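This report walks through one protein model, region by region. Keep the sequence and the 3D view open while reading.

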Amino acid sequence: MNTNQDVMTPVATFAGRAVALFGLGGSGLATARALLAGGADVTAFDDNAASRERAEAAGVSVADLRDADWKNFAALILSPGVPLTHPEPHWTVKLAQAAGVPVIGDIELFCRERAARAPQAPFIAITGTNGKSTTTALIAHLLTHAGREVALGGNIGTAILSLPPPDMGRVHVVECSSYQIDLAPSLNPTVGVFLNVTPDHLDRHGDMTRYAAVKERLVAGAGTAVIAVEDDWTRAVAARLEAAGKPVERVRSDAPEADGWSCEGTQLLRHGVVFADLAGSSSLRGRHNAQNALAASAAVAALGVDLAVIAAGLATFPGLAHRMEQLARRGHVVFINDSKATNADSVEKALAAFPSGVFWIAGGKPKVGGIAALNGLFARISKAYLIGEATESFAATLDGKVEYARCGALDQALAAAADDAVASGLPEAVVLLSPACASFDQYPNFEARGDHFRRLVAAWLAAHPG
């Protein structure tokens, strides 16, 4: 996080007013600093003592909000990681609602600041259950390639208020989670990108209808909506916006889209005309990445970037760590780090990218539904290597369908998978870490799991030269 107040968005829209803030992690602390820089009177709190100490050291006033006089607050700024509605509102939310105090988040603060400073400043916001980080990074890459100044942040990493302020000469490219959208009632990007909706985070949203409705708000307020119309939820959203007369760019990677953006194999088309080809791209492999590339292309085209410039930018995209990241190739063996694939829907996209010869490392802390939905892709798997808490449940699903080994930990799984891939003699053997699980049984997060895999692959390659 950048602590230089010259490189942030000071929130002047609350100047001279008192605000409550709960949640002092990375984005929460950045929000507190931005509010203070804009002249607000901030009272902050966090259940974690270490977070409170960091905030106090940074000059933030910390006090237990249970004891506060909520009538004095103009708003409660809530961390997106704190429950707003489900399974029940957080205690700060209940106190705010009882006092009639609005509950908002850092994305909303940015939107209000943009409205006050530069309401036409270019702003692209991206959401979707899967693929949003890759699409966000790709949009930023394409704009940078086109010579635009880009501020990249949001759910992808850098807190939005740690970015420089909105400006006509700068494009903000911001990944938005459903939690962040839920706290941003005036979200109105120049371009909104909506990729997909599959079951996730239902513990925080209650059911799929509410989850999809929260996601829809990102494109409902956009100047141009880019929507990948490949599931019932997104198709319904596109139809509603079109019926309301709003500009919609339709994206499809699974079928032709004569009046929108689509693909044929690795070729990308706009209005039925080829403008780019992803053949040979190791960072945009598979149909799901074709969807990401189409959505990113549509988004930057809406800001006036030429298709030829887009095509050249697609060819130089390096990809994101832990998302179908090609770590190495040794002869006929390819090592892919897809640690971000924490559910079956993500793994389905990874397996679909390879016709056969997959030596699949899976497991961790299981999610509801397990891997039964992947049954149609089991034929692509040469062998599975199971780790973590999900081992027995995954073994039961694979039994009699896919050969598997119980490996326990990632180091054993990588060694076994790599040796089997080398011995397979296949034209291409893919050692794929795509866990279909959260990491929390063995790692603090998916990044730590993917980083460990990267180190293990490097060590294996060093031990097997030539």
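Start with an open pocket. In the lining of the second largest pocket, the largest share comes from α12, with four residues. Helices here are DSSP runs of H or I with at least four residues, strands are runs of E with at least two, and both are numbered from the N terminus. A pocket is an open set of points on a 1 Å grid over the protein atoms alone, with protein on both sides within 12 Å along at least five of seven lines; lining residues have an atom within 4 Å of a point.

This is a predicted model, in which local features need pLDDT of at least 70, side-chain atom pairs count only at pLDDT 80 or more, and totals for chains, interfaces and linings use all residues. Residues are numbered from 1 along each chain as its sequence is written, and side-chain values use heavy atoms, with hydrogens and water left out.

**The second largest pocket**

Its volume is about 350 Å³. A volume is the space filled by probe spheres set on the grid points, which are joined across faces, edges and corners. The lining has 14 residues, and Glu230, Arg287, Asp345, Glu348 and Lys349 lie nearest the centre. Both α10 (287-301) and α12 (344-352) supply at least two lining residues each. By type, the lining of this pocket holds two nonpolar, six polar and six charged residues. Ala, Val, Leu, Ile, Met, Phe, Trp, Tyr, Cys and Pro count as nonpolar, Asp, Glu, Lys and Arg as charged, and the others, Gly among them, as polar.

**The largest cavity**

Now turn to enclosed space. Rolling a probe the size of a water molecule over the atoms shows where empty space is left. A cavity is a set of grid points where a 1.4 Å probe fits but cannot get out. The structure has two cavities of 30 Å³ or more. The largest cavity has a volume of about 60 Å³. Its lining includes Leu21, Phe22, Ser27, Ile77 and Asp106. β1 (18-22), α1 (26-37) and β3 (73-78) are the elements that give two or more residues to this lining. The most comes from α1, with three residues. The lining of the largest cavity divides into five nonpolar, six polar and one charged.

**Helix α1**

The twelve residues of α1 should span 16 Å at 1.5 Å a residue, and the end C-alpha atoms are 17 Å apart, which agrees. The expected span is 1.5 Å times one less than the number of residues. Among the buried residues of α1 are Gly28, Leu29, Ala30 and Thr31. Buried means under 20% relative accessible area, exposed means over 50%, and partly exposed lies in between (1.4 Å probe, protein chains only). The cover over the buried residues of α1 includes β1, β2 (41-45), α2 (49-57), β3 and α4 (106-117). Gly39 follows α1 and has a positive phi, near 100°.

**The annotated binding site**

An unreviewed UniProt entry marks Gly128, Thr129, Asn130, Gly131, Lys132, Ser133 and Thr134 as "binding site". UniProt positions are given in the numbering used here, feature names are shortened, and annotations may be inferred rather than shown by experiment. Gly128 is in the loop between β5 (123-127) and α5 (132-145). Asn130 is found in the loop between β5 and α5. The table gives contacts, meaning heavy atoms within 4.5 Å. It leaves out neighbours up to four places away in sequence.

| Residue | Relative accessibility | Contacts |
|---|---|---|
| Gly128 | 0%, buried | Leu195, Asn196, Lys215 |
| Asn130 | 8%, buried | Leu195, Asn196, Thr198, Asn343, Asp345, Ser346 |
| Ser177 | 10%, buried | Lys132, Asn155 |

Ser177 lies in the loop between β7 (170-175) and α6 (178-182).

**Helix α5**

α5 has 14 residues and reaches 20 Å from first C-alpha to last, close to the 20 Å expected at 1.5 Å a residue. Twelve of the 14 residues of α5 are buried, so α5 is mostly covered. Lys132, Ser133 and Thr134 are among the buried ones. Gly147 follows α5, with a positive phi near 90°.

**The C-terminal span**

For residues 322-437, the unreviewed UniProt entry lists "domain: Mur ligase C-terminal". The end C-alpha atoms of this span lie 14 Å apart, and the span is 28% helix and 32% strand.
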